[in-house]
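Visitor: I should like to take a close look at a single part of this structure. Would you please guide me through one helix and its surroundings?

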Amino acid sequence: MTEEEFEKEFQHIRDEIYAATLSWHSYLTIHNESHANEELLGVMNMHPSFWLITLRAHLHNTIIVLGRLFDRTRGTGSIHRFAKDVAEHKGFFTKESFRARRIKGDPDFEKRDYYADCMARAYAPDEKHLAGLVKEAEECAALWNSAYDDFRNKIVAHRARLSKEDLDGVYGKTRVGDITGILERLYNLEKALRELLSNAKPLDFRDEKNPRIAEAVNAAKGTLETLLKGAPNRSIGRPAAR
């Protein structure tokens, strides 16, 4: 893996986490808002099939994207495979590599007032620290496999012939908090790797507020508010006035 390939693969992983986060929090927002607002639910029920398909699309896209991120099939762009590649190429994170990346982005980097301080603070991880990246990715994968791998394989990606008991068993393993937690950990893993790559900062997987959640929530709420404002005046459960 070259450094160019590494950066391309990192961008792919980042885009996948971004897509899953937007889909999941759009799904949750539409679901929660419609249950909390009776007037909104009434307006949505004017075209129920559209909103059912919309909700399913957001949910299924979340599952499909996360399924790709945790796919162990040979040649796939999975998060744990990428983490292992990163750990095997610690040369990408030497101070000299960091200097070269900064100069590539800013040819005058070495002339900047902050150059000496920036290089003095630059962090070069050892094998132990990079192993922590692999461990974090594997723990995220384990959470996925325990709760959602069957759901993805038997219901979303493929429709298995399941008895009611088997179907209940697949659904019974799923929890809303599991996906929310997995996405939070993936964001923090991505953030830590981005900071290491761009700013030569030590790997730090501590929770940090993900701005993409607010992006998804605000977009979904804005859409629903526009829908509600544009709806004809009507009583909940009754046809619109003509």
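**Helix 3 and its surroundings**

Guide: In this predicted model, helix 3 contributes more residues to the lining of the largest pocket than any other helix, namely 5. Helix 3 covers residues 48–69, and two further helices, helix 1 (3–36) and helix 8 (149–156), also supply at least two residues each to that lining. The pocket itself holds about 330 Å³ of space. Its lining consists of 15 residues, and those nearest the centre are Tyr27, Leu59, His60, Phe151 and Tyr171. By class, the lining comprises 10 nonpolar, 3 polar and 2 charged residues.

Let us now turn from the pocket to the packing of the helices. Two packed helices are described by the angle between their axes and by the distance between those axes. For helix 1 and helix 3, the angle is about 150 degrees and the axes are 8 Å apart. Angles over 145 degrees count as roughly antiparallel, and helix 1 and helix 3 are therefore roughly antiparallel to each other. Their crossing is left-handed. On the side of helix 1, the residues in contact include Ile13, Ile17, Trp24, Tyr27 and Ile30. On the side of helix 3, they include Trp51, Leu55, Leu59, Val65 and Leu69. This contact has 13 nonpolar, 7 polar and 2 charged residues. Two names deserve a second glance: Tyr27 and Leu59 take part in the contact between helix 1 and helix 3, and both are listed among the residues nearest the centre of the largest pocket.

Helix 3 also meets helix 10, which spans residues 176–199. Here the axes come within 12 Å and cross at roughly 50 degrees, which makes helix 3 oblique to helix 10. This crossing, too, is left-handed. Helix 3 takes part through Thr62, Ile63, Leu66 and Leu69, while helix 10 offers Ile179, Ile182, Leu183 and Leu186. In terms of class, the contact has 7 nonpolar residues, 1 polar residue and no charged residues. Thr62, Leu66 and Leu69 of helix 3 belong to this contact, and these residues also meet helix 1.

Finally, helix 10 may be followed to another partner. Helix 5 (residues 95–105) packs against helix 10 at an angle of about 80 degrees, with the axes 8 Å apart. The two helices are therefore roughly perpendicular to each other. Phe98, Arg101 and Arg102 of helix 5 meet Leu196, Leu197, Ser198 and Asn199 of helix 10. The residues of this contact are 3 nonpolar, 2 polar and 2 charged.

Notes
Residues are numbered from 1 along each chain as its sequence is written. This is a predicted model: local features need pLDDT of at least 70, side-chain atom pairs count only at pLDDT 80 or more; totals for chains, interfaces and linings use all residues. Side-chain values use heavy atoms; hydrogens and water are left out. On a 1 Å grid over the protein atoms alone, a cavity is a set of points where a 1.4 Å probe fits but cannot get out, and a pocket is an open set with protein on both sides within 12 Å along at least five of seven lines; lining residues have an atom within 4 Å of a point. Grid points are joined across faces, edges and corners, and a volume is the space filled by probe spheres set on the points. Helices (H or I, at least four residues) and strands (E, at least two) are DSSP runs, numbered from the N terminus. Ala, Val, Leu, Ile, Met, Phe, Trp, Tyr, Cys and Pro count as nonpolar, Asp, Glu, Lys and Arg as charged, and the others, Gly among them, as polar. Axes are lines fitted to C-alpha atoms, for helices over the stretch in contact, and angles run from 0 to 180 degrees between N-to-C directions. Angles under 35 degrees count as roughly parallel, over 145 as roughly antiparallel, 65 to 115 as roughly perpendicular and the rest as oblique. A crossing is left-handed if the near helix is turned anticlockwise from the far one by less than a right angle, and right-handed if clockwise. Contact means heavy atoms within 4.5 Å.
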